[in-house]
Every structure is written in C-alpha cells, then in structure tokens.
Amino acid sequence: MNKMRVWNWRNHLVGDLAGVVLEIGVGAGANLPRYRKAIRVFAVEPDPQRARQAQATAMRCPIPVSVKIAVAEALPFASGSVDHVVSSLVFCSVHDPRRALREIRRVLRPGGALHMFEHIRPQTSLLANAARKITPYWRRIAHNCHLDRATLETLRAEGWEAQVLARYGVFVRIEARPL
Ligand SMILES: C[S@@+](CC[C@H](N)C(=O)[O-])C[C@H]1O[C@@H](n2cnc3c(N)ncnc32)[C@H](O)[C@@H]1O
C-alpha cells in the first residue's frame with residue numbers, strides 16, 4: 001500500500017464521524033488532524049511516550065481531543081457514552097481482542113459503530129500459513145503485532161455485524177455494530 005493510499009484510508013476512516021468519538025490505540029495521533037465533524041474525540045494509548053506525542057498532535061487539532069493512558073481491554077469511560085469507536089492498526093496487537101470488543105460494546109451508545117482499519121490473516125491458505133509461522137517471531141520485535149489475526153471472525157464470534165467496506169490485500173476497512 002503506498003503512502004497516498006494510507007493517507008486516504010485515514011481520511012475516509014474518521015473524516016465524517018460525527019458526535020463523540022473514542023479512538024483506541026491512538027499511537028502518536030496520526031488520525032487526529034483528520035477528524036472534521038466530531039464534536040469531541042477521546043483517545044486511549046497504553047504507551048506513555050506515544051500518548052505524549054498524541055497529546056502534542058491534539059494541541060494542533062480544531063476539535064477538542066483528550067488522551068488517556070489506557071488499554072482497549074479496560075476503557076476508562078462510562079457505559080453508553082460514545083457514538084463511535086475507531087481502531088486503526090490496533091487489533092493486530094491488543095493482548096485480548098475479545099475482551100477489547102466487549103469493552104467497546106459497553107462504551108458505545110445504542111446505534112453506535114466501531115470503525116476499523118486493520119491488517120488481518122491473509123485469505124489464501126499458503127499466505128495464512130506463512131503468517132501463522134512468522135507471527136511468533138514478528139510479535140517479539142514488533143510490539144506484539146500478529147500477522148495472523150482473524151479479526152472479522154472474532155467480531156462475528158463476539159456478536160457483531162461486521163461489514164467489509166474495502167479491502168486491499170491483508171488490509172481491511174470494517175464497520176461493525178453490536179447485534
Ligand atoms: C501500529 S500502532 C497504530 C497507531 C495508530 N492507531 C495509527 O493508526 O497510527 C498500534 C498501537 O496500538 C497500541 N496498542 C497496543 N496494545 C493495545 C491495547 N491493548 N489497547 C490499546 N492500544 C494498544 C500500541 O501502543 C500502538 O500505539
């Protein structure tokens with residue numbers, strides 16, 4: 001995926017989200033300047049250094065953004081308090097994806113949605129096998145990043161309706177709603 005395409009993915013992912021948004025695993029805040037319609041953005045990030053970078057990025061955003069140090073598996077927000085949750089390139093590395101999905105479901109308001117841009121297990125069995133074999137080594141050098149996460153299947157197993165809006169190789173853009 002070239003740089004220009006990633007740029008477009010980020011804009012498409014968050015640009016039109018209105019209301020209160022929670023972004024999990026915000027990293028250094030690459031998505032933050034791209035929110036155009038949200039009234040408020042909350043962001044969580046477990047890595048203190050990245051959280052500081054996200055905070056610095058947030059200062060340059062026209063929309064109010066607060067960054068907290070937290071993991072997706074234990075979100076410091078009230079139940080039913082956000083309209084949208086955003087996850088970009090995060091579900092490959094969360095320790096417990098199913099627990100994270102339960103937390104996201106809890107904090108979403110009725111009618112709310114989860115917007116994801118993730119890389120997932122390759123579709124062909126040859127590449128899926130290679131990803132499974134490489135992952136134990138890769139995750140040690142890449143901050144727990146798994147190349148073989150079956151995120152769509154995990155969503156469905158946790159009772160979400162998951163729609164693939166776009167796919168580019170192993171990268172997918174997903175909109176998911178609790179059933
Ligand atoms: C590849 S980076 C993506 C950062 C950002 N979302 C982006 O699109 O540029 C993955 C991020 O997920 C964060 N992360 C890892 N485990 C997490 C968890 N359990 N809950 C929330 N974030 C997590 C990492 O600290 C890191 O900042």
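## Close-up views of a predicted protein model

**View A. Strand 1 and strand 4 lie side by side in this predicted model.** Strand 1 and strand 4 (residues 82-88) pair in the parallel sense, and four bridges link them. If you would like a residue to start from, try E23, which stands opposite V86 in strand 4.

**View B. Strand 1 also has strand 2 as a partner.** Here strand 1 (residues 19-24) and strand 2 (residues 38-44) run parallel and are joined by six bridges. Which residue of strand 2 is the bridge partner of E23? That partner is A43. Putting this view together with the previous one, E23 is matched with A43 in strand 2 and with V86 in strand 4.

**View C. A shell of 20 residues surrounds the ligand.** The closest of these residues are G25, G27, A72, S88 and V94, so they are handy labels to switch on when you zoom in. By character, the shell around the ligand divides into ten nonpolar, six polar and four charged residues.

**View D. A128 sits in helix 4.** This helix covers residues 125-141. Is A128 buried, exposed or partly exposed? With 17 other C-beta atoms within 10 Å, A128 is partly exposed, because burial calls for 20 or more such atoms and exposure for 12 or fewer. Leaving aside residues up to four places away in sequence, A128 touches R121, P122 and D148. For a sense of distance, pick D47 as well: A128 and D47 are 81 residues apart along the chain, and their C-alpha atoms are separated by 29 Å.

**View E. Stepping back, the whole protein comes into frame, with five helices and seven strands.** Following the sequence, these elements appear in the pattern α-β-β-α-β-β-α-β-α-α-β-β. The radius of gyration is 16 Å, close to the 16 Å that the globule rule gives for 179 residues, so the protein is as compact as a globular protein of that length. Along the principal axes, the C-alpha trace spans about 45 × 35 × 30 Å.

**View F. The same frame can also be read through burial and contacts.** Of the 179 residues in the protein, 34% are buried. What share of the contacts with a separation of 6 or more comes from residues 24 or more positions apart? Such pairs account for 59% of those contacts.

Conventions
Residues numbered from 1 in each chain as written. Predicted model: local features only at pLDDT ≥ 70, side-chain atom pairs only at ≥ 80, totals over all residues. Near = placed C-beta within 6 Å. Nonpolar A, V, L, I, M, F, W, Y, C, P; charged D, E, K, R; others polar. Helix = DSSP H or I, 4+ residues; strand = E, 2+ residues; numbered from the N terminus. Rg over C-alpha atoms; globule rule 2.2 N^0.38 Å. Contact = placed C-beta atoms within 7 Å. Pairing = 2+ DSSP bridges.
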